[in-house]
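Hi there,

Here is the structure I promised to pass on to you. Please open it beside this email and follow along as you read.

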Amino acid sequence: MHYFESIGQSIEDSLASSGQSVGFADIATQVLRDIQPPSALDYPMVLDWISSQKELPDQGLTGEFGQPPIVVFKGETFYVELLVWFPSSTAIHGHGFEGAFRVLRGASLQAEYNYESYSCLLYTSPSP
């Protein structure tokens, strides 16, 4: 399966030719739009790919995402990670990184929230 290598190499080539005139997230998003995943991509195919590799990229790059997270491409300044999650619910949270993502199987809900600060004054009656 050359899908992961194609994504990583295309991002690397686009970064080199852009000369930092385009942001990483924009480049990664466009590459994920341009390179479609194999139609039969599923867990057994991914496991077959992983087990057929002579060497996987450094797996110590990942954060706390995924069950498990698997680095499938390591570039000079970025990595491509395959994340697997078991069905569950999540709370509102933020991400401390820049990038792009594609859902290969299942579903994802993404929403942005803005918070406004409100003051609340509480008054109590004086004790008798």
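Let's begin with a small puzzle: in strand 2, which residue is the bridge partner of K74? In strand 2, that partner is Y79.

Before going further, a word on how to read everything below. This is a predicted model, in which local features need pLDDT of at least 70 and side-chain atom pairs count only at pLDDT 80 or more, while totals for chains, interfaces and linings use all residues. Residues are numbered from 1 along each chain as its sequence is written, and side-chain values use heavy atoms, with hydrogens and water left out.

**The overall plan**

The protein chain has three helices and two strands. Helices (H or I, at least four residues) and strands (E, at least two) are DSSP runs, numbered from the N terminus. Along the sequence they come in the pattern α-α-α-β-β.

Of the 128 residues in the protein chain, 21% are buried. Buried means under 20% relative accessible area, exposed means over 50%, and partly exposed is in between (1.4 Å probe, protein chains only). The accessible surface of the protein chain is about 10200 Å², and carbon and sulfur atoms hold 53% of that surface. Accessible areas come from the Shrake-Rupley method with a 1.4 Å probe; for residues, only the protein chains shown count as cover.

**The two strands**

Back to the strands of our puzzle. Strand 1 (residues 69–74) and strand 2 (residues 79–83) run antiparallel and are joined by five bridges. Two strands pair if DSSP finds at least two bridges between them. Together they form a hairpin, with four residues between them. Besides the K74 and Y79 pair, you can find V71 opposite E81 in strand 2.

Now look at the side chains of strand 2, which alternate. V80 and L82 point to one face and are buried, whereas Y79, E81 and L83 point to the other face and are not.

In the loop between strand 1 and strand 2 you will find T77. T77 counts as exposed because its relative accessible area is 69%. The C-alpha atoms of T77 and E12 are separated by 8.6 Å, although these residues are 65 residues apart along the chain.

**The helices**

Helix 2 (24–34) is a nice one to rotate on screen. Its buried residues are F24, A25, I27, A28, V31 and L32. Seen down the axis of helix 2, they fall within an arc of 160°, so they line one face of the helix. The arc is that of the directions from the helix axis to the C-beta atoms. The face turned away from this buried side carries the exposed residues D26, R33 and D34. What do the buried residues of helix 2 pack against? They pack against helix 1.

In helix 3 (residues 43–52), the residues V46, W49 and I50 are buried. They lie on the same side of helix 3 because they cover an arc of only 95° around the axis. On the other side of helix 3, L47, D48, S51 and S52 are exposed. The buried residues of helix 3 pack against helix 1 (3–18), strand 1 and strand 2. At the start of helix 3, a side-chain oxygen of D42 reaches to within 2.9 Å of the backbone nitrogen of M45.

S18 sits in helix 1. Its relative accessibility is 15%, so S18 counts as buried. A polar atom of the S18 side chain lies 3.1 Å from the backbone oxygen of L15.

**The core**

The largest nonpolar core has 19 residues, and F4, I7, I11, V72, F78, V80 and L82 touch the most other members. Helix 1, helix 2, helix 3, strand 1 and strand 2 each supply at least two residues of this core. Helix 2 gives the most to this core, with five residues. A nonpolar core is a set of buried Ala, Val, Leu, Ile, Met, Phe, Trp, Tyr and Cys residues joined through side-chain atoms within 4.5 Å.

To see one core member up close, pick I11: not counting residues up to four places away in sequence, I11 touches F24, I27, A28, V31 and F78. Contact means heavy atoms within 4.5 Å.

**After the strands**

Finally, F101 is in the segment after strand 2. F101 counts as exposed because its relative accessibility is 53%. F101 and A25 are 76 residues apart in sequence and 9.4 Å apart in space, C-alpha to C-alpha.

Enjoy exploring!

Conventions: A polar contact is a pair of N or O atoms within 3.5 Å; within protein, one must be able to donate a hydrogen and the other to accept it, and residues adjacent in sequence count only if both atoms are side-chain atoms.
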